[in-house]
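Let's take a walk through this fold, starting from one aromatic side chain and working outward. Keep the viewer open as you read.

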Amino acid sequence: MLLMLVHFNTHKKTIQFIDTITADGGGDGPEAVVDGLNYAVNNLAWDPSSKKFLIHILDAPPHGSEFSSGFDDYPKGCPCGISYASVLTRMKEQDITYIVITCQNSDQALQKMITIYKNHYGNFNTVSLSNAKQLEFKTLEVICKDI
């Protein structure tokens with residue numbers, strides 16, 4: 001399954017869900033980053049009166065030769081045909097605070113994605129994890145800085 005919507009209404013449920021996630025499948029390095037961001041921005045029930053955060057946890061850049069020169073099943077970009085620029089623009093229009101959390105072993109292609117996204121979206125917080133146990137603390141830390 002490419003995308004799955006999970007409603008989190010408590011901190012505990014969020015952590016319990018994250019603990020069940022495993023990475024498998026694929027074949028190429030890049031991921032369906034734009035698909036996921038687009039789905040979150042356009043399909044979640046965002047409360048217009050609340051502070052909105054999109055926390056993006058990743059270890060690989062999106063599809064597209066713009067981000068990586070390595071093997072990519074979709075070198076022209078997202079197979080859904082949506083551009084990262086249109087999704088980031090929508091995030092800004094909806095006043096969604098974007099936070100990127102990367103894994104310790106993030107590569108140059110992922111850092112290039114972050115630079116390109118910041119050039120379009122504007123500055124956003126990035127956090128690097130050295131292990132999964134840091135996720136809860138680092139996430140809360142960066143959200144608290146923004147509130």
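Start at Phe124, which is buried with a relative accessible area of just 5%. Keep in mind that what you're looking at is a predicted model. Right over the face of the Phe124 ring you'll find Lys118, at 5.3 Å from the ring centre.

Before going further into the rings, zoom out for a moment. The protein chain has five helices and three strands, and reading from the N terminus the order is α-α-β-α-β-α-β-α. Of its 147 residues, 33% count as buried. The chain exposes about 9100 Å², and carbon and sulfur atoms supply 51% of that area. If you look at contacts with a separation of 6 or more, 74% of them come from residues 24 or more positions apart.

Now for the aromatics. A pair of aromatic rings is described by the distance of the centres and the angle of the planes. The count here comes to six aromatic pairs. Take Tyr84 and Tyr117: their ring centres are 5.3 Å apart and their planes sit at 15°, so this pair is stacked, the cut-off being under 30 degrees. Tyr84 belongs to helix 3 (residues 84-93) and Tyr117 to helix 4 (residues 108-121), so the pair ties together parts that are 33 residues apart in sequence. How buried are the two partners? Tyr117 has a relative accessible area of 0% and is buried. Tyr84 comes in at 19% relative accessibility, so it still counts as buried, because the cut-off is under 20%. This pair also has company, since ring pairs link Phe67, Tyr84 and Tyr117 into a cluster.

Back to where we started, with Phe124 and its ring partner. The rings of Tyr98 and Phe124 have their centres 4.8 Å apart, and with the planes at 55° the pair is tilted. Which parts of the chain does this pair bring together? Tyr98 lies in strand 2 (residues 96-103), while Phe124 lies in the loop between helix 4 and strand 3 (125-129), so the pair ties together parts that are 26 residues apart in sequence. Tyr98 is buried too, at 1% relative accessibility.

Stay on Tyr98 and follow its side chain to His56. The side chains of His56 and Tyr98 make a polar contact at 2.7 Å. His56 is found in strand 1 (residues 52-58), and it is buried, with a relative accessible area of 10%. What else does His56 touch, leaving aside its neighbours within four places in sequence? The list runs to Val33, Leu37, Tyr98, Ile99, Val100 and Ile101. So Tyr98 turns up twice in this tour, because its ring pairs with Phe124 and its side chain makes that polar contact with His56.

One last stop: the cysteines. The count comes to one disulfide, and it joins Cys78 to Cys80, with an S to S distance of 2.5 Å. The link is right-handed, with 120° about the S-S bond. Are its two ends buried or exposed? Cys78 counts as buried at 13% relative accessibility, whereas Cys80 is partly exposed, with a relative accessible area of 34%.

Definitions and conventions: Residues numbered from 1 in each chain as written. Predicted model: local features only at pLDDT ≥ 70, side-chain atom pairs only at ≥ 80, totals over all residues. Heavy atoms only, no water. Disulfide = S-S within 2.5 Å. Buried < 20%, exposed > 50% of the residue type's maximum accessible area, 1.4 Å probe, protein only. Helix = DSSP H or I, 4+ residues; strand = E, 2+ residues; numbered from the N terminus. Contact = heavy atoms within 4.5 Å. Areas by Shrake-Rupley, 256 points an atom, 1.4 Å probe, with all protein chains shown as cover. Phe/Tyr/Trp six-rings, centres within 6.5 Å; stacked < 30°, edge-to-face > 60°. Lys NZ or Arg CZ within 6 Å of the ring centre and 35° of its normal. Polar contact = N/O pair within 3.5 Å; in protein donor to acceptor, adjacent residues only side chain to side chain.
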